[in-house]
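Welcome! Take a moment to look over the sequence and turn the model around, and then let us walk through it together.

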Amino acid sequence: MQKKEYLELYHQMVLIRRLEEKAAELYQDGKVGGFLHLYIGQEAVSTGIISARKPIDRVITAYRDHGVAINSGIPVKRVLAELEGKATGVSGGRGGSMHMADISLNYWGGHAIVGSHIPLAAGLALGDQYAGNPAVTIALFGDGATNIGYFHEGLNLSKVWNLPVLWVCENNEYGMGTSVPRASAVSDIRQKAIGYGMPNRAVDGMDVLAVRAAAEEMIEQIRAGSGPQFLEANTYRFRGHSMGDPERYRKQEEVRQWEEDDPIGNYQKKLISGRHATKADMDAIEKQVDDEIAEAIEFAENSPEPALDTLFDNVYVEE
Amino acid sequence: MAKITMREAISQALWEEMERDPKIFIMGEEVGVWGGSYAVTRGFYDHFGANRVKDTPISESAIVGSAIGAALTGLRPVAEIMTINFAFSAMDHIVNESAKLHYMFNGQMRLPLVIRTVSGGGRQLAATHSQTPDAIFAHFPGLTVVAPGTPADAKGLLKAAIRSDNPVLFIESATLYQLRGEVPEGDYIVPLGKSTVQRPGKDVTIVTYSKMLDYSLKAADQLASEGIDAEVVDLRSLRPLDMVPVIESFKKTNRAVIAEEGWKSYGVGAEVSARIYEEAFDYVDAPIKRVAQKEVPLPYNRNLEQAALPQIADIVAAVKEVM
Ligand SMILES: Cc1ncc(C[n+]2csc(CCOP(=O)(O)OP(=O)(O)O)c2C)c(N)n1
Ligand SMILES: [Mg+2]
C-alpha cells in the first residue's frame with residue numbers, strides 16, 4: 001500500500017467521525033430530525049471493507065449508513081444536506097439519515113427495515129451473475145439482523161445459487177438494548193454461516209487494516225467463483241443506538257473500555273509504528289477534514305428545502 | 001378521576017391486568033430491559049421478572065407466531081410489534097394464522113392474543129417508518145382491530161382486548177403518547193367494537209379515530225367559533241365496525257366528513273362513506289368528504305411530510321365544503 005492509500009483510510013475515518021459529531025449537534029439544535037443512528041466506533045469496518053472493493057462491486061447496508069455513504073464516495077456535503085432534509089441531499093431530502101443511496105457510486109442504500117436488504121443483496125449479485133459481470137456485492141448488516149428470517153432466506157439462496165456476495169456482519173454486541181447472547185442462539189455470529197456451507201471468518205473490526213486485508217482476500221475469492229462468503233467484524237458503537245437512547249442496558253465502564261480500542265486511535269498508532277505516516281501528516285488531514293466539514297455545513301445551510309410541488313415526484317417511473 | 005397521559009393509561013391497563021392474571025405475559029423487542037421503545041413498559045421487567053416480560057430477538061414473525069402458539073395453550077400473551085411498519089414481517093402469522101384458526105378448525109382453537117403496535121407519521125422517520133396502514137388489517141374477518149384516541153379509551157379497550165378470547169390488534173398512535181385525559185382508576189372496560197360520540201353537535205358529523213380524533217376535536221372547536229356545530233364520532237374499533245352512532249348522527253346532520261391519517265384509497269373513509277350511502281342514502285344532503293394522507297410514501301423533509309399528512313385545517317375546510 002502506498003502512503004497515500006494509508007492516509008486516505010485515515011482521512012475517511014476522521015471524516016466520518018467529525019461528520020457524525022456535527023450531526024449530533026445539529027440534531028440537538030433541531031436541524032436534523034427523525035432517527036439518527038451514529039456509526040462512531042465502527043468506522044474501521046466500512047472503511048476497511050469498502051476500500052477493498054472495485055468500482056464494479058456493489059454495496060448495500062442498513063440504516064446506520066453515514067459511514068458507508070462516505071466510504072462509497074458520496075461527498076460529505078450531500079450527506080449533511082440529506083440529514084438537514086435539503087433538496088441537494090443525496091436522496092433529495094426524502095430519505096433522511098436512514099435512507100441514503102447513490103447508485104452512480106454503486107452504493108445501493110441504507111435500508112431501515114432490519115434485515116430487509118439482505119435478500120436484496122442476493123438479487124444484486126444475481127444481476128451480476130446473470131449478466132456475467134465480474135462483480136461482488138458487499139452486504140453489511142448488524143448482529144441483530146441475523147435473527148430475522150430475511151437473513152436466513154437470503155444466505156441460503158445465495159449459497160444455493162452460488163451468488164457472488166460478501167456478507168459482512170457488524171457485530172457491535174447489541175441490537176438496540178439487547179445483547180447478542182440474549183437474542184442470538186450463537187454469539188459467534190459467523191457460526192450461522194456454517195449452516196449454509198459458507199466459508200467464514202472473524203476479524204477485529206477496530207483494526208482497519210485487518211478488515212481491509214480480510215475483505216480483499218475474500219472479495220477476490222468470490223470474484224474467482226468461490227460463491228458467497230461470510231465475514232464477522234467485531235466492533236462496538238460508542239454512542240447510543242440512536243439519539244435519545246437512555247442506555248440502561250449497558251454500563252458506562254463497558255463503553256469506556258471499548259473506547260480504549262478506538263479504531264481511529266488504533267490506526268494512528270499503527271501509522272506511526274509502521275512508519276507509514278507522521279504526526280504532521282495526520283494533523284494535516286485533520287485540518288483538511290475540518291475544512292471539509294465547515295464547507296459541508298455551509299453548503300447544507302445554504303441549500304434550498306425541496307419545493308412543495310415536488311411532493312409527488314418519483315412515486316412512479318414516468319412512462 | 002386522574003388526568004394522565006396516553007402512555008400512562010396503556011401502561012396502567014397492562015400492569016393491572018398482569019397483576020390480576022398470571023397467564024398474561026408480554027413479549028417483544030425492547031419491552032424488558034429497555035422499558036419499551038415508547039417507554040410504555042418501563043418498570044415492568046423489574047416488577048414482573050424476565051419470565052413475564054420477555055425481550056425477543058428481532059424476529060417479528062417468530063414474535064407473532066410463537067405468541068399464537070402460546071395463546072393456543074391457554075396463556076394470554078400481549079405481543080408487541082415495535083411499530084406497525086414491522087408488522088409486515090409478521091403478516092403471514094397475523095393474517096393466515098391468527099385470523100383463521102378459530103374458524104377453520106370449527107371453533108376448537110381459541111386465541112386470547114393481543115398484538116400491541118404503533119402507527120402513524122409526523123416524526124420525520126421517512127417512508128419505511130411512518131405508515132398508517134390500519135385499514136389493511138381491518139380487512140380480515142377473524143381479526144379484531146382497535147385504535148383508541150383518548151387515554152380513557154386506551155385503558156378500557158386494552159383491558160377488553162386482553163380479556164378477549166379473540167386475536168386483537170391494538171394500534172397506538174406514535175404522536176399521541178403525551179396526550180392527557182381523565183382516566184377512571186381500577187377496573188375500567190370499554191367494549192370492543194363500539195363506536196362513540198366524543199363531542200355532540202347538530203350541524204355536521206365528523207367520523208374519525210386515533211390521532212385524527214384529536215385533530216377533529218380541535219377542528220370542531222375552531223368550527224364552533226365560526227358558528228358550525230360539529231358532532232365527532234370516534235370509531236375506536238375498526239373491526240368489528242360499529243356504524244350505529246355514525247348513522248344516528250348522520251340522520252341528524254345529513255352531512256359527513258371522515259378523517260383518517262392513512263392513505264385515502266381503500267381506506268377507513270372509503271368503508272365508512274360506503275356504509276353511510278348504503279344505510280342512510282335518503283338522508284344525504286351533500287357528498288361525503290374524506291380527509292386523509294396524500295397518496296405518496298412519506299418523505300423525510302419536515303415541510304414535505306406535513307404537506308402529505310392530513311391537517312386540522314384540512315378537516316375544517318372539508319366541513320365547510322359539505323355545509
Ligand atoms: C423488522 C424491524 N424490526 C424492528 C426494527 C427496529 N429496530 C431498528 S434498529 C434495531 C436493532 C438492530 O440491531 P443490529 O442489527 O444489531 O444493528 P445495529 O443497530 O447494532 O447497527 C431495531 C430492533 C426495524 N427497523 N425493523
Ligand atoms: Mg448491533
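B:Arg110 counts as partly exposed because its relative accessibility is 49%, and the band for that label ends where exposed begins, over 50%. Bear in mind as you look that this is a predicted model. You will find B:Arg110 in the loop of chain B that runs between helix H5 (101–104) and strand E5 (114–119). Setting aside neighbours within four places in sequence, B:Arg110 touches B:Ala71, B:Leu72, B:His102 and B:Asp165. For a sense of distance, try B:Met243: it sits 133 residues from B:Arg110 in sequence, and the two C-alpha atoms are 27 Å apart in space.

Stay in that loop between H5 and E5 a little longer, since B:Asn106 lies there too. B:Asn106 is exposed, because its relative accessible area is 72%. Its backbone deserves a look as well: phi is near 60°, a positive value in a residue that is not glycine. Most residues other than glycine have a negative phi, and most peptide bonds are trans.

Another positive phi, about 55°, belongs to B:Gln124, again not a glycine. Follow the chain past E5 to find B:Gln124, in the loop leading to helix H6 (134–137). Is B:Gln124 buried or exposed? With 15% relative accessibility, B:Gln124 counts as buried, the cut-off being under 20%.

Further along, look for the peptide bond between B:Arg239 and B:Pro240, which is cis, with omega about -5°. B:Pro240 belongs to the loop between strand E12 (237–239) and helix H9 (244–253) of chain B.

Now step back and take in chain B as a whole. It has 12 helices and 14 strands, and its C-alpha trace spans about 55 × 45 × 40 Å along the principal axes. A compact globule of 323 residues would have a radius of gyration near 20 Å, so the 19 Å of chain B agrees with that expectation. Of those 323 residues, 61% count as buried. Among contacts in chain B with a separation of 6 or more, 82% are between residues 24 or more positions apart. On the outside, the accessible surface comes to about 12,000 Å², with 51% of it belonging to carbon and sulfur atoms. As for charge, the mean positions of the 33 positive and 40 negative charges are 1 Å apart.

Finally, turn to chain A and its metal. The magnesium ion (ligand 2) is coordinated by A:Asp143 (OD), A:Asn172 (OD1) and A:Tyr174 (O), at 2.1 to 2.2 Å. Along the chain, these donors follow the spacing D-x28-N-x1-Y. Both A:Asn172 and A:Tyr174 are buried.

Technical notes. Residues numbered from 1 in each chain as written. Chains lettered and ligands numbered in written order. Predicted model: local features only at pLDDT ≥ 70, side-chain atom pairs only at ≥ 80, totals over all residues. Heavy atoms only, no water. Donors = N, O, S within 2.8 Å, 3.2 Å for Na, K, Ca; no water. Buried < 20%, exposed > 50% of the residue type's maximum accessible area, 1.4 Å probe, protein only. Helix = DSSP H or I, 4+ residues; strand = E, 2+ residues; numbered from the N terminus. Rg over C-alpha atoms; globule rule 2.2 N^0.38 Å. Contact = heavy atoms within 4.5 Å. Areas by Shrake-Rupley, 256 points an atom, 1.4 Å probe, with all protein chains shown as cover. Lys, Arg positive; Asp, Glu negative; His and termini not counted. Charge placed at Lys NZ, Arg CZ, Asp CG, Glu CD.
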